[in-house]
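Okay, shall we get going? I've got one structure for you today, so have a look at the screen and then I'll talk you through it.

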Amino acid sequence: MEIELVPLAESDREQFILDTQWAFRYGAMIEFGERDRSLGPDGEIISRKTIERSIDEPGSVSYRILCGGKTVGGVILKIDETTRRNHLEILFVSPEEHTRGIGYSAWKAIEKMYPETEIWETCTPYFEKRNIHFYVNKCGFQIDRFWCGSFRPSGELPDGEEGPADMFRLVKVMRRSPGQGG
């Protein structure tokens, strides 16, 4: 599968946000139907505010995923060149394009673009079995933590920020720094 990661242009921002929301909403609807209690007050599984904050956060880079010149998904990364501990904030493939290997091809392209990364982190909702399979079985992440109502350690999120609820945190160790064991 040949894909291209194209930096998000300001003129594509609104459609990118809508496409992100559709992809996340689709996953919830498949699992729960229209009655999904995970949807926010605006009917979205991921809020516009969360997507915009991810795009605009210092160190963030956003890409549209193209296949055959057609937009088929998107990705938002947070790159920390100092710690080399990078975050996959959002990765989505348009539901109409699922099962074609686009997500995996995009992930491999991301790894090539950021070869200095020592650790990748991401999170995914507990009900997204496809995502969990994708990250763990295809991309080599390991489940590191599960955030739920009874386990939300203080200090992991700045005050007032939306936090992970019923989410898995996944980590992928790419390489070790000098002095790291193992």
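I'll start with the whole chain, then go through a few residues, and end on the aromatic rings.

First, a caveat: this is a predicted model. Everything I quote is computed from those predicted coordinates, so keep that in mind as we go.

So, the overview. We've got 182 residues, and 43% of them count as buried. DSSP gives 4 helices and 7 strands. If you walk from the N terminus, the order is β-α-α-β-β-β-α-β-α-β-β. Now contacts: take the ones between residues at least 6 apart in sequence, and 63% of those join residues at least 24 apart. As for surface, the chain exposes about 10300 Å², with carbon and sulfur atoms supplying 49% of that.

Let's go to the N-terminal end. Glutamate 4 sits in strand β1, which covers residues 4-7. Is it buried or exposed, or something in between? Its relative accessible area is 47%, and since exposed would need over 50%, glutamate 4 ends up as partly exposed. Who does it touch, once you leave aside neighbours within four places in sequence? Arg64, Ile65 and Leu66. And with tyrosine 63, glutamate 4 has a C-alpha to C-alpha distance of 9.2 Å, at a separation of 59 residues in sequence.

Next, backbone angles. As a reminder, most residues other than glycine have a negative phi. Here are two residues to look at with that in mind. Arginine 84 has a positive phi of about 60 degrees, and it isn't a glycine. You'll find arginine 84 in the loop between β3, residues 70-78, and β4, residues 85-93. Its relative accessible area is 30%, so arginine 84 is partly exposed. Then there's threonine 99, also not a glycine, with a positive phi near 70 degrees. Threonine 99 is in the loop between β4 and α3, and at 74% relative accessible area it counts as exposed.

That loop takes us to helix α3, residues 102-113. The helix has 12 residues and spans 16 Å from first C-alpha to last, close to the 16 Å you'd expect at 1.5 Å a residue. Which of its residues are buried? They are Ile102, Gly103, Ser105, Ala106, Trp107, Ile110 and Glu111. Hang on to Trp107, I'll come back to that one.

Now threonine 124, which is in strand β5, residues 119-125. At 1% relative accessibility, threonine 124 is buried. What does its side chain pair up with? Asparagine 131: the two side chains make a polar contact of 2.9 Å. Beyond four places in sequence, threonine 124 touches Asn131, Ile132, Tyr135, Met167, Phe168 and Leu170.

A quick word on cysteines. How many disulfides are there? The count is 0. Cysteine 67 is buried, at 13% relative accessibility, while cysteine 123 comes out as partly exposed at 33%.

Right, aromatic rings. As a general point, you describe a ring pair by the distance of the centres and the angle of the planes. There are 8 aromatic pairs in the structure. Take phenylalanine 134 and tyrosine 135: centres 5.1 Å apart, planes at 65 degrees, so that pair is edge-to-face. Phenylalanine 134 is buried at 15% relative accessibility, and tyrosine 135 is buried too, at 5%.

Then compare phenylalanine 146 with phenylalanine 168. Their ring centres are 4.9 Å apart and the planes are at 45 degrees, so this pair is tilted. Phenylalanine 146 is in strand β6, residues 142-147, and phenylalanine 168 is in strand β7, residues 167-173, so the pair ties together parts 22 residues apart in sequence. At 33% relative accessibility phenylalanine 146 is partly exposed, whereas phenylalanine 168 is buried at 18%.

And here's Trp107 again. Ring pairs link it with Tyr114, Trp120, Phe134, Tyr135 and Phe141 into a cluster. So Tyr135 turns up twice: in that cluster, and among the residues that threonine 124 touches.

That's everything from me, so over to you.

Methods
Residues numbered from 1 in each chain as written. Predicted model: local features only at pLDDT ≥ 70, side-chain atom pairs only at ≥ 80, totals over all residues. Heavy atoms only, no water. Helix = DSSP H or I, 4+ residues; strand = E, 2+ residues; numbered from the N terminus. Buried < 20%, exposed > 50% of the residue type's maximum accessible area, 1.4 Å probe, protein only. Contact = heavy atoms within 4.5 Å. Areas by Shrake-Rupley, 256 points an atom, 1.4 Å probe, with all protein chains shown as cover. Expected span 1.5 Å × (residues − 1). Polar contact = N/O pair within 3.5 Å; in protein donor to acceptor, adjacent residues only side chain to side chain. Disulfide = S-S within 2.5 Å. Phe/Tyr/Trp six-rings, centres within 6.5 Å; stacked < 30°, edge-to-face > 60°.
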